[in-house]
Amino acid sequence: MSRSWSRRPRQRYVTPRPRSLWRRLVDYALTVIVLGLLILLAARLDRIETRKTEGAAVVNDGDTITLGIERIRMRGIDAPEYSQVCRKGGAGYPCGKLARQSLVRLISGKPVSCTGWQRDRYGRLLGDCNAGGKDLNRAQVEAGWAVAYGDFETEEAAARSGKAGIWAGTFDEPHDWRESHDHEVTERKHGTLASIGDALREIFRFR
């Protein structure tokens, strides 16, 4: 019985070269940075927790209310500014004041509850608000006294089709009106990308 074997030389085990001092220092530094970021993230997650506030509302304008000491900008909508004038039948009318009156009627003196976690550049909570079981954000767009601003596009389309509120005439988008009247833009449109950016800003905000 014959045997066959290979005459190939055995491969010798080569001991890996030890890492240089510089490489070890870089590895240690990266480890410290990653751990520091994880600690910072854990310490600041409370900043993006949902906040809830409720009580009797003071209506400031068509999309802003005050509950106690909390000033709230209604998320996903943009109403005409209080001093804004729109046009209908060839004449101007105070659409900003009418937008505020619409929100007052929707609330009808009932307690208001708002929830949210984002804040605009003025520190106002971007909230989803309800009164008596009614979604106030949605209702303002349905009534035609606010435009969709990151949400409620279907409701806006229905209001536009029915010529409700400001859609009965012509108007400048509230965002554009603020810019043309030297008002600083309140905040970005409240869409998904803005929400992601706001979350990162809240986590890494140092105040």
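This report describes the fold, the nonpolar core, strand β9 and the salt bridges of a predicted protein model.

**Overall composition**

The protein has 207 residues, and 37% of them count as buried. Its secondary structure consists of 6 helices and 11 strands. Among contacts with a separation of 6 or more, 59% are between residues 24 or more positions apart. The accessible surface is about 13400 Å², and carbon and sulfur atoms hold 56% of that area.

**Nonpolar core**

The largest nonpolar core contains 30 residues, and Ile65, Val112, Cys129, Leu136 and Ile166 have the most contacts inside it. Elements that supply two or more residues to this core are β3 (64–67), β4 (70–74), α2 (95–107), β8 (112–116), β9 (125–131) and α3. The largest share comes from α2, with 5 residues.

Val112 shows how parts of the chain meet. With neighbours up to four places away in sequence left aside, Val112 has contacts that include Ile65, Leu67, Ile107, Cys129 and Leu136. The contact list of Val112 also takes in Thr53, Glu54, Gly55 and Ala57.

**Strand β9 and its partners**

In β9, 5 of the 7 residues are buried, leaving the strand mostly covered. Strands β4 and β9 run parallel and are paired over 3 bridges; Ile72 is opposite Leu125 of β9. Strands β8 and β9 are antiparallel and share 4 bridges, with Val112 bridged to Ala131 of β9. Strand β10 (residues 134–135) is also antiparallel to β9, through 2 bridges, and here Ala131 is opposite Lys134. The β9 and β10 strands make a hairpin with 2 residues between them, where Gly132 in the turn has a positive phi of about 60°.

**Asn137**

Helix α3 (residues 136–142) contains Asn137. Asn137 has a relative accessible area of 0%, so this residue is buried. Beyond four places in sequence, the residues in contact with Asn137 are Met74, Arg75, Ile77, Gly127, Asp128, Cys129 and Phe152.

**Salt bridges**

The whole structure contains 12 salt bridges. Three of them are listed below with the separation of their N and O atoms.

| Acidic residue | Basic residue | N to O distance |
|---|---|---|
| Asp78 | Arg73 | 2.9 Å |
| Asp128 | Arg75 | 3.0 Å |
| Asp120 | Arg124 | 2.7 Å |

In the salt bridge between Asp128 and Arg75, Asp128 belongs to strand β9 while Arg75 is in the loop between β4 and β5 (77–78), so the pair ties together parts 53 residues apart in sequence. Which of the burial classes applies to Asp128? Asp128 has a relative accessible area of 27%, and is therefore partly exposed. Arg75, at 16%, is buried because the cut-off for that class is under 20% relative accessible area.

Asp78 and Arg73 are both buried, and both belong to a network of salt bridges that also includes Asp63, Glu81 and Arg178. Asp120 and Arg124 are likewise both buried.

Arg75 and Asp128 thus appear in two settings: they form a salt bridge with each other, and both touch the buried Asn137.

Definitions and conventions
Residues numbered from 1 in each chain as written. Predicted model: local features only at pLDDT ≥ 70, side-chain atom pairs only at ≥ 80, totals over all residues. Heavy atoms only, no water. Buried < 20%, exposed > 50% of the residue type's maximum accessible area, 1.4 Å probe, protein only. Contact = heavy atoms within 4.5 Å. Areas by Shrake-Rupley, 256 points an atom, 1.4 Å probe, with all protein chains shown as cover. Core = buried A, V, L, I, M, F, W, Y, C linked by side-chain atoms within 4.5 Å. Salt bridge = Lys/Arg side-chain N within 4 Å of Asp/Glu carboxyl O. Pairing = 2+ DSSP bridges.
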